[in-house]
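User: I should like to learn how to read the features of a structural model. Please take me through strands, sheets, helices and single residues in turn.

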Amino acid sequence: MGELLANTLPGMRDLLPEEIARWQSAEDRARRIFARYGFLEIRTPVIEATELFARSIGAETDIVGKEMYTFRDQSDRSVTLRPEATASVVRAYLQNTMYRGGGVTKLYYIGPMFRHEKKQKGRWRQFYQIGAETLGTDHPAADAEMIETALRFLESMGIKAELLINSVGCADCRPQYMDLLRQELRKHLPALCEDCRRRAETNSLRVFDCKVESCQPYIQKLPFIADHLCGDCAEHFSSMKSCLQEAGIAYEFAPRLVRGLDYYVRTAFEIVSGELGSQNALVGGGRYDGLSEVLGGPRVPGLGFALGLDRLVMLLPEDQSSGWQWKPELFLAYMGEPAFRKAQDIARGLRQRGHACYYDFLAGSLKSQLRLANKLRAEHVLIIGKDELERDRYSIKSLKDSRQWEVTLSELESYLQAQAKGRAV
Ligand code: HAM
């Protein structure tokens with residue numbers, strides 16, 4: 001045997017059948033909740049022109065500066081595995097002129113994203129997001145509804161989490177605030193950590209993300225953007241909060257919440273869970289009214305969120321999966337080659353009519369086949385031996401109550417149909 005190439009890349013992992021049940025239940029629930037709120041699914045490529053992300057997310061952000069999987073393809077074009085999907089959704093919206101005819105467009109997506117981040121609990125280099133975007137409205141009620149959608153989904157999965165909100169201003173009010181922030185930061189530069197010193201000039205808002213203990217006294221005294229909003233932004237923020245209150249949604253105002261992507265204006269929010277450890281953000285989102293224009297499109301306001309599916313699954317109890325695990329309705333145990341062919345024939349017919357059947361290609365003794373049927377949690381076992389073949393009558397055994405009786409093939413099918421009907425009720 002040669003060298004075994006049996007390792008994923010660092011930060012990547014396989015999701016195995018035994019854990020996939022929880023993923024499917026979350027994805028299925030998300031689709032149902034999104035449908036209630038009028039979101040339609042969109043699937044965009046996982047690979048896009050690098051420029052799309054650099055321009056949307058911002059060249060000075062950690063994502064673009066340090067974390068993207070970027071390479072030149074065979075056409076010598078710089079391409080990137082998507083680190084997030086908002087830029088792609090807005091690109092698809094513009095490319096397919098979905099704005100034609102006006103109105104509001106609501107889209108959702110589920111899929112893998114790629115960021116070359118430091119490995120940590122709850123942090124992967126290929127991770128999965130469930131996200132939603134609304135394009136074509138700057139109404140504050142749309143912001144509140146977006147948050148409500150995320151919270152209802154989490155609630156329906158039995159997750160308790162906290163909502164943090166902030167407003168990060170707009171192209172009118174932010175530049176003045178940024179000047180003020182930089183001035184304040186310059187006063188304390190020597191006392192700040194290396195990251196903060198760098199960010200003070202390049203991407204000053206990111207200073208609020210700093211976790212270094214010695215920086216905290218200075219950061220706490222910095223001016224907050226929410227206290228420097230223009231009239232329109234202040235009014236938008238206040239209306240959005242009223243909408244949340246009307247919907248009975250509790251929130252915490254988090255003036256340090258600035259998010260790690262440059263496209264945000266006005267509303268920024270996160271939903272966090274204390275049970276996740278240091279990577280506690282389950283959901284991140286906000287408004288990005290200028291993004292369409294940055295990508296060369298018309299002015300189209302937009303907003304959205306993305307939820308980290310890997311992190312959500314960490315919070316789901318194991319037993320959530322039980323209803324989702326595959327199990328055969330009928331396990332066909334056979335003895336000898338003619339019986340094997342008969343088992344395949346019966347299974348083929350039943351599968352075509354919608355029944356889940358299983359037989360073992362490696363079948364050994366009857367005992368070992370019954371052991372496998374139990375392991376797979378099969379509901380019934382059909383026994384096909386020489387005798388049964390000759391009489392064209394088969395023994396069926398219920399593994400639930402150990403009852404055993406004889407059936408013809410047409411009786412078998414009617415029985416399985418009746419069982420399936422019983423389950424559907
Ligand atoms: P984000 O805050 O970068 O926002 O990511 C959203 C969520 O994705 C995070 O709260 C977290 O749960 C999950 N996540 C991010 N990075 C990782 C990772 N390395 N491993 C595991 N989970 C991770 C965005 O991506 C924006 N596109 C959200 C948005 C949509 N804003 C407007 N529309």
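User: In which sense do S7 and strand S9 pair, and over how many bridges?

Analyst: Strands of a sheet pair through backbone hydrogen bonds, either parallel or antiparallel. Here S7 and S9 (residues 265-272) pair in the antiparallel sense over 6 bridges, and Leu163 has Ile271 as its bridge partner in S9. Strands (E, at least two residues) and helices (H or I, at least four) are DSSP runs numbered from the N terminus, and two strands pair if DSSP finds at least two bridges between them. This is a predicted model, in which local features need pLDDT of at least 70 and side-chain atom pairs count only at pLDDT 80 or more, while totals for chains, interfaces and linings use all residues. Residues are numbered from 1 along each chain as its sequence is written, and side-chain values use heavy atoms, leaving out hydrogens and water.

User: Which strand does S7 join in the parallel sense?

Analyst: Strand S8 (residues 252-253) runs parallel to S7, and 2 bridges join them. Leu164 stands opposite Glu252 in S8.

User: Why is S7 described as largely enclosed?

Analyst: The criterion is relative accessible area: buried means under 20%, exposed over 50%, and partly exposed in between (1.4 Å probe, protein chains only). Of the 6 residues of S7 (residues 162-167), 5 are buried, so the strand is largely enclosed by the rest of the structure.

User: Is Leu154 buried or exposed, and what does it touch?

Analyst: Leu154, in helix H5 (residues 140-156), counts as buried because its relative accessibility is 1%. Contact means heavy atoms within 4.5 Å. Leaving aside residues up to four places away in sequence, Leu154 touches Ile159, Ala161, Ile271, Leu282, Val283, Leu307 and Leu312. Its C-alpha atom lies 9.8 Å from that of Val283, although the two residues are 129 apart in sequence.

User: How should Arg43 be read: buried or exposed?

Analyst: Arg43 is exposed, with a relative accessible area of 69%, and is placed in the loop between strand S1 (40-41) and S2. Its side chain makes a polar contact with the side chain of Glu41 at 2.9 Å. A polar contact is a pair of N or O atoms within 3.5 Å; within protein, one must be able to donate a hydrogen and the other to accept it, and residues adjacent in sequence count only if both atoms are side-chain atoms.

User: What is the strand order of the sheet that contains S2?

Analyst: The order is S2-S4-S3, an open sheet of 3 strands with antiparallel pairing. Strands S2 (47-49) and S3 (69-72) stand at the edges with a single partner strand each, so one side of each lacks a neighbour in the sheet. The twist averages 35° from one strand to the next; angles run from 0 to 180 degrees between N-to-C directions, and axes are lines fitted to C-alpha atoms, for helices over the stretch in contact. S2 and S4 (residues 78-81) are paired over 3 bridges, with Ala49 opposite Val79 in S4. Helix H2 (residues 50-57) packs on this sheet, touching S2, S3 and S4, and its direction makes about 75° with that of S2.

User: At what angle do H2 and helix H4 pack?

Analyst: Two packed helices are described by the angle between their axes and the distance between the axes. H2 and H4 (residues 86-95) pack at about 110°, with their axes 9 Å apart. The contact is made by Leu52, Phe53 and Ser56 of H2 and Ala87, Ser88 and Arg91 of H4.
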